[in-house]
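Subject: A structure for you to look through

Dear colleague,

Here is the structure I promised to hand over, with the sequence beside it. Please take a moment to turn it around on your screen before you read my notes.

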Amino acid sequence: MTSPQELSAQEITILLVEDDPPTLWRLQDALVKAGFDVAAAATLGEARASLASRVPRVLLTDLQLPDGHGVDLIREVRQRHPDTEIMVISALGDEETVISAITVGATGYILKDAFPSDIAATVRDLVAGHSPISASIARFIVRRTQASVEPPRGPEIDTARLTPREIDILWGIAKGFSYAEIATNLGMSRQTVPGHIKSIYRKLEVHTRGEAVFEAVQQGLIKL
Amino acid sequence: MTDGAVKPAATAAPALRGRGTASRLVQYILLQVLIAIVCIVLLRLPLPRPPDQLAVGGFSVADRGESRQVALPDFVPSRLSMSEPAIFTGHFAWSARENGRAWSVYLPRFTNGVVVLVNGVEILDSRRDPAANRADRATPEIGLIPASLLRDGDNEVSVQLFVWGPIPGFLDKVYAGPDESLRSYYEWRTLLFVTLPIMFSAWQGMLAVILFVMWAVRRGEAAYGVLAVAMALGAMQAFLPTAIDQPTFPELSATLLASAPLESACVLAFGILFFTRKWPRLLGPLIFLPGLTMVLIGMFGDPYAVRQSFLVLGIPALAVHLLIMGIIVAWSEMRKQDAPSLLLGCAVTIVLTTLTHDMAQVAGLIPDHRIFYTRISYSAMLVAIGVGLTWRFAQALNRVDGFAAHLAIQLREAEEKLKASFAREQERERAAALARERARLMRDLHDGLGGQLVSIVALSERNTAGAGIGDAARAALKDLRLVIDSMDDIGGDLMLALASWRDRAAAQLRPHEIALDWHAVPPGLPVYPSLRPWHVIQIIRILDEAVTNAVKHASARRIGVSIETVKATSGECGCITVTDDGEGFVPDGTGKPSSRGLRNMKNRAARCGAELELSSGSGGTTVRLQLPRRFPEGDATAS
């Protein structure tokens, strides 16, 4: 795997899955204008076909698709192509959508009405190893780490593996502090914050035994 | 190192405790010795006696054919037959001048029965007085001499002493003189040796009743039942007459004689049950053996054997029981250090001392006046038992009170907890309902309205003419997100809502190339338990309005948002300030907001109980929102 910094926009391949034509057109336009190599799909079937022919560097997918749910697509890609960065496309950026995507392997989200420059910047950051996390998603996660918040609502999420430091970082983000402020408060380097956030995303992923076995078999097959 | 330091400390503690017990034991023993000494001193105090010139002198005794001169007090050997009294004959002088004054014969102490004759005429037969027939009660007798019997000059007084052993017969000095001189001595002795024992026996009877009731109500406490039996035995034997010579019911007589060892066995059984809370199944019944043996002897043996058995079995049994009791009580006192143990321990010492004293008297080890104090000293035991029981009762009441108070406190605490938990539950229910509603709304909006608005935005971007439509659709989306976001349970932490707003505002400002300087001064805003979703919407809309004004009308390049807790007149409160570096506007002279947007901001602030300050000039505009200490419950100022 080459370092993300060395990739130019043309080398970054993107698979965009969105069933609403105007939205698909808008997002594709923004990404293509930014110079990315974009493949588009309007259904789960098209997306799978595209994946079979080419594994993208980045997968951007809507969740409600005509022939299935984007969550399944994210899970598949995450298992088969661990190097592919995944983001969910959401109309409202609500935790209902975003968290369920995070638990299967997505790293953050893009708002469907985001400005083209923001969309391109988000993808570039993602490839560069910066996993953005919004205040409302951070808020949702840290509220879940508090035992008093009952009964659990919204999508299931397991926060047990988060370290106290990671929870502190999430609190900082949820309260609107910048990375620099969080780093100062917690006595750490600003550069280490994105790494922690990446780690948070990975820890929130649900790994069932079956998936682990599946992954092992996949890797075993590759080795054979 | 640490191990070495800890170990000596660990072993030192029991050693210290052991030393404490040892010193307590020494103290206890010293106290008992002191009590014994005091007892002996008191026992050796001579009883008051009439003046010696009233004593009848010149006594001779005729006992079973033998005759001799004696000086009273004197002993005669024990015998089997009641028909062979020893006859003591003495003389006293009476003058006719004394005529008109009553004269009496006073016998302070004798065992076992006397018939007194003055000048050959019987004036007194003690055998008819049941109290006088008991060897253990030093009953005195006084007999008024009929005036007609008295002769001027020498008078003869004859005392027939009946002995029904087991101990030798005894006759103390006999006094003859004016009744007025002798009566008070007689009364004093009667009080001490007759009335007082009866009083204590009555007290013992009461104790028996109380203990029976106690045992009847609390069947588990066998100790009280056993003690009740002991008390009943003691009370009974005091009031039943002692049979002399050939009793009508020999079994009854034997039981009476055996009552003392039986009673002491019962008291010991009580001690064992009460203080050790265990009954030794093998050795326990042994303590009743002497008493029961005596009953058997009484039923099948002759009267003499019965009486001998009292000396051989009864007294040693009594002593052994007392000793065991003393040890048990001392052990209990060492362990618990409570009032009943100490009192009973002292009482046991008193009884043991007097018993030893009485036995030493009988054995001739100390001068014998035939005054037996054991039965009287037993009253100390009764007092100790009474006090101990009352103490226990009071303690139990105290514990019950304490327990009740404790229970009341616990009940109150539980009630409060329940109330709090109920309130919490309600709050949780409310939050859950809100969350469910929000999730439902979100799903609906996401699938429907949200997607459609996004499509509008996308379509409007295809041609430049649709720019206005796109902006409107984007604004609608933004507002939709605000509404959904504000419904989230943020636990009164406004910072959480502001942070989400920051993300949205930054996204809104980025295409306009306006920088958003976000400055939250740690620790940010205080937590507001009174904060409700509609407050959040109002506050965020005020901030939105401020930002929108800066973008649309002021052509600002930077917008600063600062969040801090400030010290106001009413205490600490949260404050949000939005500043821009735009052109500003001039508020009209009346101080009213110059546009509908500004008036809206004021209204919204008022509805949340917040204060809005606007200042604008050429350097830009500052909107300062000072939050209340407590957000209003209802939307009172809503129009």
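What follows is a short account of what was found, going from chain B as a whole to its sheet, then to the meeting of the two chains, and last to one helix of chain A.

Please keep in mind throughout that this is a predicted model. Chain B contains 12 helices and 17 strands, and of its 639 residues, 36% count as buried. If you consider the contacts in chain B with a separation of 6 or more, 73% of them are between residues that lie 24 or more positions apart.

One part of chain B that is worth following strand by strand is an open sheet of 5 strands, which has mixed pairing and the order β13-β14-β15-β17-β16. The edges are taken by β13 and β16 of chain B, each of which has a single partner strand, so that one side of each is left without a neighbour in the sheet. On average, and with direction ignored, neighbouring strands of this sheet are turned by 15 degrees against each other. Within the sheet, β14 (residues 558–568) and β15 (residues 571–580) of chain B run antiparallel and are joined by 10 bridges; to find your place there, look for B:Ile563, whose bridge partner in β15(B) is B:Ile576.

Two helices are to be seen with these strands. Helix α10(B) packs on the sheet, where it touches β13, β14 and β15 of chain B, and its direction makes about 165 degrees with that of β13(B). Helix α12 of chain B, residues 596–607, lies across β16 and β17 of chain B and runs at about 155 degrees to β16(B).

Turning to where the chains meet, 38 residues of chain B are in contact with 32 residues of chain A. On the side of chain B that touches chain A, at least two residues each come from α8, α9, α10 and β13 of chain B, and the largest share, 17 residues, is that of α8(B). By type, the residues of this side divide into 21 nonpolar, 6 polar and 11 charged.

Finally, helix α9 of chain A has 13 residues, from 192 to 204, and reaches 19 Å from its first C-alpha to its last, close to the 18 Å expected. Its buried residues are A:Val193, A:His196, A:Ile197, A:Ile200 and A:Leu204. They lie on the same side of α9(A), because they cover an arc of only 100 degrees around the axis. These buried residues pack against α4, α7 and α8 of chain A.

With best wishes

Technical notes
Residues are numbered from 1 along each chain as its sequence is written. Chains are lettered from A and ligands numbered from 1 in the order in which they are written. This is a predicted model: local features need pLDDT of at least 70, side-chain atom pairs count only at pLDDT 80 or more; totals for chains, interfaces and linings use all residues. Two residues are in contact if their C-beta atoms, placed from the backbone, lie within 7 Å. Helices (H or I, at least four residues) and strands (E, at least two) are DSSP runs, numbered from the N terminus. Ala, Val, Leu, Ile, Met, Phe, Trp, Tyr, Cys and Pro count as nonpolar, Asp, Glu, Lys and Arg as charged, and the others, Gly among them, as polar. The expected span of a helix is 1.5 Å times one less than its number of residues. A residue is buried if 20 or more other C-beta atoms lie within 10 Å of its own, exposed if 12 or fewer, and partly exposed in between; C-beta atoms are placed from the backbone. The arc is that of the directions from the helix axis to the C-beta atoms. Two strands pair if DSSP finds at least two bridges between them. Axes are lines fitted to C-alpha atoms, for helices over the stretch in contact, and angles run from 0 to 180 degrees between N-to-C directions.
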